[in-house]
Amino acid sequence: MDYKRILKEILNIGREMLRAGAEVSRVEDSMYRMCKSYGFMHADIWVIYSNIQATVETAEGDIITQIRHIPSTSSNFDKLDYLNNLSRRVCRQKPSPDEVANMLQEVLDRKPQPACLEYLAGILGGTGFGVFFNCGVRDAIIAAISSIIIVFLGRKLAKTESNPLISNFIQSFITEVFIILSVYVGFAEKSGNITVGVVMLLVSALGFTNGISDLLHKDTLAGILNISNAIIGAAGIAFGIASAILLFKGVF
């Protein structure tokens with residue numbers, strides 16, 4: 001049995017689970033189960049949101065260590081669902097490394113969800129929060145357009161920028177400029193209410209919550225990283241909105 005390739009594919013599955021938004025404890029548990037199913041005598045697996053390290057001992061006494069670096073993560077629960085099913089299938093069937101690689105590639109090659117759903121979710125979220133924060137009809141229209149801007153910029157920046165401070169700064173700055181302009185021309189009235197509603201699309205509540213969950217599971221380093229990223233993202237939002245107000249509010 002090619003233990004090196006088996007471990008390689010197990011780490012590849014763990015990497016993709018992390019990139020799809022899985023919790024550290026879920027990834028570790030899945031990898032331990034897959035290693036056990038292939039008969040490794042012992043396994044030590046360490047996972048944080050940017051790195052996976054695994055050392056296993058084979059039945060012949062060989063020690064194998066492999067590492068994966070994860071440059072960025074996001075939330076794709078549709079893909080994560082298929083990856084969870086794949087890990088269970090690997091444990092149950094114990095396929096060859098080539099078969100595992102093919103099954104993983106099938107999951108990665110699945111057609112992504114249409115962009116219109118992401119835009120629709122953004123509109124419903126941003127407009128809904130805007131109405132919750134007492135926006136009128138015209139303010140709600142601006143909130144919907146602002147939500148479209150945020151989703152559009154988020155999709156573009158996701159391809160080139162993984163730093164939440166920079167990406168959130170750009171999105172919040174451009175969106176706030178649009179909101180200020182809409183108030184200046186007289187179409188909207190409550191720029192603050194619109195901003196508070198729309199900015200909820202950028203707040204990383206999921207990352208902060210997962211960080212608290214990691215801390216409760218004694219994954220201290222992973223929890224600190226998650227909470228730190230959430231705080232950095234919030235700082236980017238604050239800097240972007242404040243910069244737009246300072247630069248344009250006085251002019252208009």
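These are my notebook entries on the fold, cavities, surface patch and backbone of one chain.

**Entry 1. Overall layout**

I began with the status of the coordinates: this is a predicted model. I then looked up the secondary structure and found ten helices and three strands in the chain. Reading along the sequence, I recorded the order as α-α-β-β-β-α-α-α-α-α-α-α-α. For overall extent, I noted that the C-alpha trace spans about 75 × 35 × 30 Å along its principal axes. I also looked up burial: of the 252 residues in the chain, 40% are buried.

**Entry 2. Cavities**

I next turned to internal space. Rolling a probe the size of a water molecule over the atoms shows where empty space is left. How many cavities of 30 Å³ or more does a search of the whole structure find? The search returns two.

I took the largest cavity first, which holds about 50 Å³ of space. The elements that give two or more residues to its lining are α7 (164–184) and α8 (191–198). I recorded α7 as the source of the largest share of this lining, with five residues. The lining residues are Ile 150, Gln 171, Ser 172, Thr 175, Glu 176, Ile 179, Thr 195, Val 198, Val 199, Leu 202 and Ile 241. By class, I noted six nonpolar, four polar and one charged residues around the largest cavity.

I then examined the second largest cavity, whose volume is about 30 Å³. Two elements, α1 (3–19) and α4 (97–108), give two or more residues to the lining of this second largest cavity. Which element gives the most to that lining? I found that α1 does, with three residues. The full lining consists of Ile 6, Glu 9, Ile 10, Tyr 38, Val 90, Pro 95, Pro 97 and Val 100. I recorded the class division for the second largest cavity as seven nonpolar, no polar and one charged.

**Entry 3. A nonpolar patch on the surface**

I looked up nonpolar groupings on the outside of the chain. Val 137, Ile 141, Ile 145, Tyr 184, Val 185 and Phe 187 form a nonpolar patch on the surface. Together these residues have about 590 Å² of accessible area. I found that helix α6 (residues 137–157) gives the most to the patch, with three residues.

I followed one member of the patch further. Val 137 is found in helix α6. Is Val 137 buried or exposed? I entered Val 137 as exposed, because its relative accessibility is 67% and the class begins over 50%.

**Entry 4. Positive phi values**

I closed with the backbone. Most residues other than glycine have a negative phi. I therefore noted two lysines that carry a positive value, given that most residues other than glycine do not.

Lys 94 has a phi near 50°. I located Lys 94 in the loop between α3 (77–93) and α4. Its relative accessibility is 45%, so I entered Lys 94 as partly exposed.

Lys 218 has a phi near 70°. I placed Lys 218 in the loop between α9 (205–216) and α10 (220–249). I entered Lys 218 as exposed because its relative accessibility is 73%.

Methods:
Residues are numbered from 1 along each chain as its sequence is written. This is a predicted model: local features need pLDDT of at least 70, side-chain atom pairs count only at pLDDT 80 or more; totals for chains, interfaces and linings use all residues. Side-chain values use heavy atoms; hydrogens and water are left out. Patches are made of residues with over 30% relative accessible area and no salt bridge: like charges are joined within 9 Å, nonpolar side chains (Val, Leu, Ile, Met, Phe, Trp, Tyr) within 5 Å. Accessible areas come from the Shrake-Rupley method with a 1.4 Å probe; for residues, only the protein chains shown count as cover. A salt bridge is a side-chain nitrogen of Lys or Arg within 4 Å of a carboxyl oxygen of Asp or Glu. Helices (H or I, at least four residues) and strands (E, at least two) are DSSP runs, numbered from the N terminus. Buried means under 20% relative accessible area, exposed over 50%, partly exposed in between (1.4 Å probe, protein chains only). On a 1 Å grid over the protein atoms alone, a cavity is a set of points where a 1.4 Å probe fits but cannot get out, and a pocket is an open set with protein on both sides within 12 Å along at least five of seven lines; lining residues have an atom within 4 Å of a point. Grid points are joined across faces, edges and corners, and a volume is the space filled by probe spheres set on the points. Ala, Val, Leu, Ile, Met, Phe, Trp, Tyr, Cys and Pro count as nonpolar, Asp, Glu, Lys and Arg as charged, and the others, Gly among them, as polar.
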